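Welcome! Please have a look at the chain below, then work through the exercises one step at a time.

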Amino acid sequence: MQALQLFEKFKKIPAGRKLFSLAICQTAPYFSSIHPTIEELKPNYARVFMKKRRSVENHLKTVHAIAMCNMAELAGGLMTDASIPKGARWIPSGMTVAYVKKATTDLVAVAVGDAVDWSTNGDIVVPVSVTDTQNNVVFTAQITMNLKQPKV
């Protein structure tokens, strides 16, 4: 819940979402490769924005598949962190993805956890959908998160 509490504080200040995003990228530096902005974070929901720029393009001038994997993992991980019970821990242990359409614009990754049982001990699946500026789904991910509940 630490990320959620930090997000709630940051979003109240000017450029707070961008500053929060930079802080997350300091914690997990690989995410900085996509220059994300965490636009929304709450239990069962995270939305991450990524601008289409040269550094995330492939040879076809579309957004690279691994950049979309990166943003999906960020959205899914933040949403998981904001949703699990206090004292629980998580780590991604797998990801199944589908490249639905060429990604030629800025993108938004949304993770929704309404159907996830956060009290599970072991593997759960977090769905993430990536859409373009016309709201077309270009990529989907099913991220397996391994949860460890606090010992009682």
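**Exercise 1. Is T131 buried, partly exposed or exposed, and which residues does T131 touch?**

Step 1. Recall the cut-offs: buried means under 20% relative accessible area, exposed means over 50%, and partly exposed is in between, with a 1.4 Å probe and protein chains only.
Step 2. T131 has a relative accessible area of 13%, so T131 is buried.
Step 3. Find its place: T131 lies in strand β5. Strands here are DSSP runs of E with at least two residues, helices are runs of H or I with at least four, and both are numbered from the N terminus.
Step 4. List the contacts, where contact means heavy atoms within 4.5 Å. Not counting residues up to four places away in sequence, T131 touches D106, L107, V108, N136, V137 and V138.

A note on the source: this is a predicted model, in which local features need pLDDT of at least 70 and side-chain atom pairs count only at pLDDT 80 or more, while totals for chains, interfaces and linings use all residues. Residues are numbered from 1 along each chain as its sequence is written, and side-chain values use heavy atoms, with hydrogens and water left out.

**Exercise 2. Describe the surroundings of S129.**

Step 1. S129 also lies in strand β5.
Step 2. Its relative accessibility is 24%, so S129 counts as partly exposed.
Step 3. Leaving out residues up to four places away in sequence, S129 touches V108, A109, V110, V137, F139 and T140.
Step 4. Look at S129 and A141: they are 12 residues apart along the chain, and 6.5 Å separates their C-alpha atoms.

**Exercise 3. In what order do the strands form the sheet?**

Step 1. Count the elements: the protein chain has 3 helices and 6 strands. From the N terminus on, they run α-α-β-β-α-β-β-β-β.
Step 2. Remember the general idea: strands of a sheet pair through backbone hydrogen bonds, either parallel or antiparallel. In this exercise, two strands pair if DSSP finds at least two bridges between them.
Step 3. The 6 strands form an open sheet in the order β1-β2-β4-β5-β6-β3, with antiparallel pairing.
Step 4. The edges are β1 (37–42) and β3 (89–99), each of which pairs on one side only.
Step 5. Check one pair: β5 (residues 122–131) and β6 (residues 137–148) run antiparallel and are joined by 10 bridges. Within this pair, V128 has A141 in β6 as its bridge partner.

**Exercise 4. Which residue takes a positive phi in the hairpin of β1 and β2?**

Step 1. β1 and β2 run antiparallel and are joined by 5 bridges; here T37 stands opposite F49 in β2.
Step 2. The hairpin has 2 residues between the strands, and N44 takes a positive phi near 70 degrees there.
Step 3. Compare with the general pattern: most residues other than glycine have a negative phi.
Step 4. Accessibility completes the picture: N44 is partly exposed, with a relative accessible area of 21%.
Step 5. A second case is A15, which has a positive phi of about 60 degrees although it is not a glycine. A15 sits in the loop between α1 and α2, and A15 is exposed, with a relative accessible area of 53%.

**Exercise 5. Which residues have the most contacts inside the largest nonpolar core?**

Step 1. A nonpolar core is a set of buried Ala, Val, Leu, Ile, Met, Phe, Trp, Tyr and Cys residues joined through side-chain atoms within 4.5 Å.
Step 2. The largest one has 43 residues, and I38, L41, L107 and V128 have the most contacts inside it.
Step 3. Ask where the residues come from: α3 gives the largest share of this core, 10 residues.
Step 4. Take L41 as an example. Not counting residues up to four places away in sequence, its contacts include L4, F7, F20, L78 and M79.

**Exercise 6. Which residues of α1 and α2 meet?**

Step 1. A3, L6, F7 and F10 in α1 meet G16, R17, L19 and F20 in α2.
Step 2. Sort them by class: Ala, Val, Leu, Ile, Met, Phe, Trp, Tyr, Cys and Pro count as nonpolar, Asp, Glu, Lys and Arg as charged, and the others, Gly among them, as polar.
Step 3. The result is 6 nonpolar, 1 polar and 1 charged residues.
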